[in-house]
Amino acid sequence: MKHRFLFLSGIILSSICFQSPSLAQGGAVNVKSFNDRGVMMFGDNSQGGRPFAKDPAVVKFKGRYFLYYSVPTGQAKQGTLQGWRVGIATSRDLVRWQKVTTMQPQHPSEKNGFCAPAAIVLDGKVHLFYQTYGNREKDAICHAWSSDGIHFTREASNPIFHPPQGRWTCGRAIDAEVFEDGDRLLLYFATRDPSYETQLVGVASASRRSDFSRSCWKLLADRAIIRPRLAWEKKCIEAPSIVRRGEKLFMFYAGGYNNEPQQIGCAVSTDGIRWKRLSQKPFLPNGAPGSWNASESGHPGVFVDNDGQTYLFYQGNADKGKSWFLSKVKIGWKNNRPFVEE
């Protein structure tokens, strides 16, 4: 992986510094590929600055791939990013992406912003679970659904979930992940401890036959199911993303806050509640100095295609968050354990 990051770094950084035609025209940056191996890079400069896209979630729906991601609404004079929305892009090959739209607020819960989408296809519809933004301890998870993957109907009871404030959590819920598990839907989320210093992960569930409104969700464990304890995880575990292999569930997660650097770890479970790390080291580390993701490889979004191939989407940057790109790696499996294919 280090060799590929180094190979790509000069090309990617030159694209940022010497804007390509797609950059100069505004809107979404759609880079076909950086080499003949089809490496995907996607950024969105609709906020008027450098390419910026975070928090990827990918599904296949009605013959196309849909990418849902976080994008800011603008930049203040000092260059800080203002507000957040969910961007939507589509692709036929998981490499070349075309932006379709940016979702706009439609519900009172979204007035300060909304972002970090999780996407799942259920009963012929795309369901989005996403967080409110800008409310600190009061940020929570919302739900919307769509018949075309683009136009979404909001759940009237939004926000649908946050954990009750208690001994282990301040009551916040962000970075949703949803996973179909038999007759239930699991909702994973990141929260903060009561001091608002440490990021943790919890899990709730609702009946698969429910409408996923606020009254449907029940906390499965009144505790963090995974919390930072390794040196590279620092004080943050967030952005859980789940895939099943046989009888086991695998969670890809982000360790460390943005650009500390944030890196991606992996844990395994048989019940979705008790998790064991596969390694003491990051599954996908940040890149070497000079590479496009030198500042971080973060916020994973795992996607299993119709052919069974597994891809891990993630965000990265080389400038401490002044720009952000989305990319992916192909995941192989050996002895029922994931690894990054070269």
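This passage describes strands, nonpolar cores and pockets in a predicted model.

We may begin with the open sheet, in which 4 strands follow the order 15-16-17-18 with antiparallel pairing. Strand 15 and strand 18 (276-277) take the edge positions, and each has a single partner strand, so one side of each is left without a neighbour in the sheet. Strands of a sheet pair through backbone hydrogen bonds, in either the parallel or the antiparallel sense. Within this sheet, strand 15 (residues 237-245) is joined to strand 16 by 7 antiparallel bridges, and R244 stands opposite L249 of strand 16. The two strands make a hairpin with 2 residues between them, and G246 in the turn has a positive phi of about 65°. On to the next pair: strand 16 also runs antiparallel to strand 17 (residues 263-269), again with 7 bridges. Here M251 has A267 as its bridge partner in strand 17, while F252 is matched with C266. As for its surroundings, strand 16 (residues 248-255) is largely enclosed by the rest of the structure, because 7 of its 8 residues are buried.

Strand 20 (residues 310-317) invites a similar look. Here 8 of the 8 residues are buried, so this strand is largely enclosed by the rest of the structure. In a regular strand, side chains alternate between the two faces of the sheet. For strand 20, both faces are covered: T310, L312, Y314 and G316 are buried on one side, and Y311, F313, Q315 and N317 are buried on the other. Strand 20 has antiparallel pairing with strand 19 (residues 296-304) through 7 bridges, with E296 opposite N317. The hairpin of strand 19 and strand 20 has 5 residues between the strands, and G308 adopts a positive phi near 90° there. Strand 21 (residues 325-334) is likewise antiparallel to strand 20, and 7 bridges join them; L326 in strand 21 is the bridge partner of Q315.

Attention now turns to the nonpolar cores. In soluble globular proteins, nonpolar side chains tend to be buried together. The largest nonpolar core in the model has 21 residues, of which F129, I141, F161, L185 and W217 touch the most other members. At least two residues of this core come from each of strand 7 (114-122), strand 11 (174-181), strand 12 (184-192) and strand 13 (199-207). Beyond its neighbours within four places in sequence, F161 is in contact with A140, I141, A173, L187, F189, A204, W217 and L219. Another core lies apart from the largest one and has 19 residues, including M41, L284, V302 and V340.

Pockets complete the picture. The largest pocket holds about 620 Å³ of space. Its lining consists of 28 residues, with V58, V59, A119, I120 and V302 the closest to its centre. Two or more lining residues come from each of strand 3 (54-61), strand 7, strand 11, strand 15 and strand 19. By class, the lining of the largest pocket comprises 20 nonpolar, 4 polar and 4 charged residues.

The second largest pocket has about 490 Å³ of space. Among its 22 lining residues, K54, W84, Y133, E238 and N258 lie nearest its centre. Strand 3, strand 5 (81-91), strand 7 and strand 11 each give two or more residues to this lining. The lining of the second largest pocket divides into 9 nonpolar, 6 polar and 7 charged residues.

Terms used: Residues numbered from 1 in each chain as written. Predicted model: local features only at pLDDT ≥ 70, side-chain atom pairs only at ≥ 80, totals over all residues. Heavy atoms only, no water. Buried < 20%, exposed > 50% of the residue type's maximum accessible area, 1.4 Å probe, protein only. Pairing = 2+ DSSP bridges. Core = buried A, V, L, I, M, F, W, Y, C linked by side-chain atoms within 4.5 Å. Contact = heavy atoms within 4.5 Å. 1 Å grid on protein atoms, 1.4 Å probe; cavity = no way out; pocket = protein on both sides within 12 Å on 5 of 7 lines; lining within 4 Å. Points joined across faces, edges and corners; volume = space filled by probe spheres on them. Nonpolar A, V, L, I, M, F, W, Y, C, P; charged D, E, K, R; others polar.
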